[in-house]
Structures are given as structure tokens and as C-alpha cells.
Amino acid sequence: TLSVLLLAASGLMLKSLRSAMEVDLGFRPKGAVAAGFDLALQGYSEERGKAFQKQILDRLRAMPGVESAAYLDFVPLDLGMSNTGVYPDGQPEPPASQTPLAQVFTASSGAFRTLGTKLLAGREFDERDTKEAPRVLIVNQTFTTNILQVKNPAEAVGKRVRSRSRVWEIAGVVEDGKYLALAEAPKPVMFFAASQD
């Protein structure tokens, strides 16, 4: 009887493991390498930090076998998370208790290519996204349906939203992903351009 019980439990565990391996993550971890650093802790000024980030990306991208390199302020399925209120520009500001929330992350140019995240519409961050340029965001598909109320990702590109007391234009839409846990439900996510933040 004990053997049959253990065999049944093992079968259920294997079935659960197989299901977890088939979850669409929204990124492709195969062949990826991650490294972390905090330049502020090392006493870097903002200018010196930006120069370091550019230099390390240039060196990594020039290495043989490296297809893509980028930096982000998060690693998928990590516990770091930040939310902020956001609503479509041109609509009255909702009361704080009713303002939709979106998770926020910061990413450099090439981040979605490096993660293997599909770009559904628009563009990734690039050299146009300087501090002097209009502020842009990349959002996920759930953001477009839940916050902007549009089904086609292409319709979201060019729309503006208000967040953090500023207006942001949506430059691109990426596929949904798993950001904190494999079992999480899809949630609205905004990515800020590291070059503007």
C-alpha cells in the first residue's frame, strides 16, 4: 500500500514538473548569462556610471559568440518589484484608490532581444531615447488590454499615459511574461528606458 502511495505521489510530482516546464515565460533563458552590480555602492557618479554601463555593453557585444547584451534593473522571476499608478493621458485623473497599477522595470536598448522577449508592435529602446527626447515606455500586452482598453498591440503604439506626474508615449509592446513567479496571472507591466531614467 505504501509503495502504491509513493508511486502515485511521484507521478503527480512529475506531472506538475512537466506542466511547469511548459509554461510560456515570456523570455528565453537558454544560453543566457546574468551578472549583477550596483555602481552607486561603488561611489560612481551618474555620468561615470553611464559611461561604465556603455563601456561594458560595448565590450560584451564585441565578444565572440555573444549575440546580444543589455542591462535591466531586474532578473525575471526575482523578488524585486515596484508598482506605480498609471492611466491614459487625456482622461481625468482617477482617485488614488482607483488608479490602475502597473509593475515597473528599467531596461537598456537591446533588452528584449537579449531576453528573447517577442516585440509585438512598435520598437525597442534605442539611441533616440535620450534624456532630452520625449519620454517613452514599452509595455506588455496585458497593459494594452487592461489599462488602454485596446486589443490590438499596434493600436497602443503612440498612445500616451500619465504616470509619476509625467506623460509617457508608448514606443512598443512586448509579449506578457512571468516576472515574479511561474504561477502568476498576467499583469500590466511598463518598462522605462534606462537612457532616460
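# Group meeting: strands, a buried serine and some salt bridges

From the N terminus on, the elements of this protein run α-α-β-β-β-α-β-β-α-α-β-β-β. That gives five helices and eight strands. Before I go on: this is a predicted model, so please keep that in mind for everything I say.

Some overall figures to begin with. The C-alpha trace spans about 70 × 45 × 30 Å along its principal axes. The protein has 197 residues, and 35% of them count as buried. About 12,300 Å² is exposed, and carbon and sulfur atoms supply 56% of that area. Now take the contacts with a separation of 6 or more: residues 24 or more positions apart account for 70% of these.

Next, the strands. I will start with S7, which covers residues 166–174. Which strands pair with S7? Strand S6, residues 160–163, pairs with S7 in the antiparallel sense, over four bridges. Strand S4, residues 119–122, also pairs with S7 in the antiparallel sense, here over three bridges. Strand S5, residues 136–140, runs parallel to S7, and five bridges join the two.

If you want to find these pairings on the screen, use one residue pair for each. For S6, look at Arg162, whose bridge partner in S7 is Val167. For S4, look at Leu119, which has Val174 as its bridge partner in S7. For S5, look at Leu137, where the bridge partner in S7 is Ile170.

S6 and S7 form a hairpin with two residues between the strands. In that hairpin Arg164 takes a positive phi near 55°.

Let us stay with S6. S6 also pairs with strand S2, residues 87–88, in the antiparallel sense over two bridges. There, Pro88 stands opposite Val161 of S6.

What are the two faces of S6 like? One face is covered and holds Val161 and Ser163, while the uncovered face holds Arg160 and Arg162. As you read along those four residues, the faces take turns. The general point for your notes is that in a regular strand the side chains alternate between the two faces of the sheet.

I will take one residue from each face. From the covered face, take Ser163, which lies in strand S6. Is Ser163 buried or exposed? Ser163 has a relative accessible area of 2%, and because buried means under 20%, Ser163 is buried. What does Ser163 touch? Leaving aside neighbours within four places in sequence, Ser163 is in contact with Thr84, Gly85, Val86, Trp168 and Met190. One of these, Gly85, comes up again, since the side chain of Ser163 reaches the backbone oxygen of Gly85 at 3.0 Å.

From the uncovered face, take Arg160. Arg160 is partly exposed, with a relative accessible area of 45%. The side chain of Arg160 meets that of Glu169 in a salt bridge, at 3.4 Å from N to O. Glu169 is partly exposed too, at 27% relative accessibility. In general, side chains of opposite charge can pair when their charged atoms come close.

How many salt bridges are there? The count comes to eight. Besides the one I just described, there is one between Lys187 and Glu184, with the closest N and O atoms 3.2 Å apart. The two partners fall into separate classes here. Lys187 has a relative accessible area of 24% and is partly exposed. Glu184 is at 11%, and because the limit for buried is under 20%, Glu184 counts as buried.

There is also a network: salt bridges that share partners join Arg123, Asp126, Arg128 and Asp129. Within it, the side chains of Asp126 and Arg128 meet at 2.5 Å, again from N to O.

Last, the other end of the sequence. Helix H1 covers residues 2–21, and Leu5 lies in it. Is Leu5 buried or exposed? Leu5 has a relative accessible area of 57%, and because exposed means over 50%, Leu5 is exposed. Leu5 also belongs to a nonpolar surface patch, which Leu2, Leu5 and Leu6 make together. The patch has an area of about 340 Å².

To recap with two residues: Ser163 in S6 is buried, whereas Leu5 in H1 is exposed. That is all I have.

Note on methods: Residues are numbered from 1 along each chain as its sequence is written. This is a predicted model: local features need pLDDT of at least 70, side-chain atom pairs count only at pLDDT 80 or more; totals for chains, interfaces and linings use all residues. Side-chain values use heavy atoms; hydrogens and water are left out. Patches are made of residues with over 30% relative accessible area and no salt bridge: like charges are joined within 9 Å, nonpolar side chains (Val, Leu, Ile, Met, Phe, Trp, Tyr) within 5 Å. Accessible areas come from the Shrake-Rupley method with a 1.4 Å probe; for residues, only the protein chains shown count as cover. A salt bridge is a side-chain nitrogen of Lys or Arg within 4 Å of a carboxyl oxygen of Asp or Glu. Buried means under 20% relative accessible area, exposed over 50%, partly exposed in between (1.4 Å probe, protein chains only). Two strands pair if DSSP finds at least two bridges between them. A polar contact is a pair of N or O atoms within 3.5 Å; within protein, one must be able to donate a hydrogen and the other to accept it, and residues adjacent in sequence count only if both atoms are side-chain atoms. Contact means heavy atoms within 4.5 Å.
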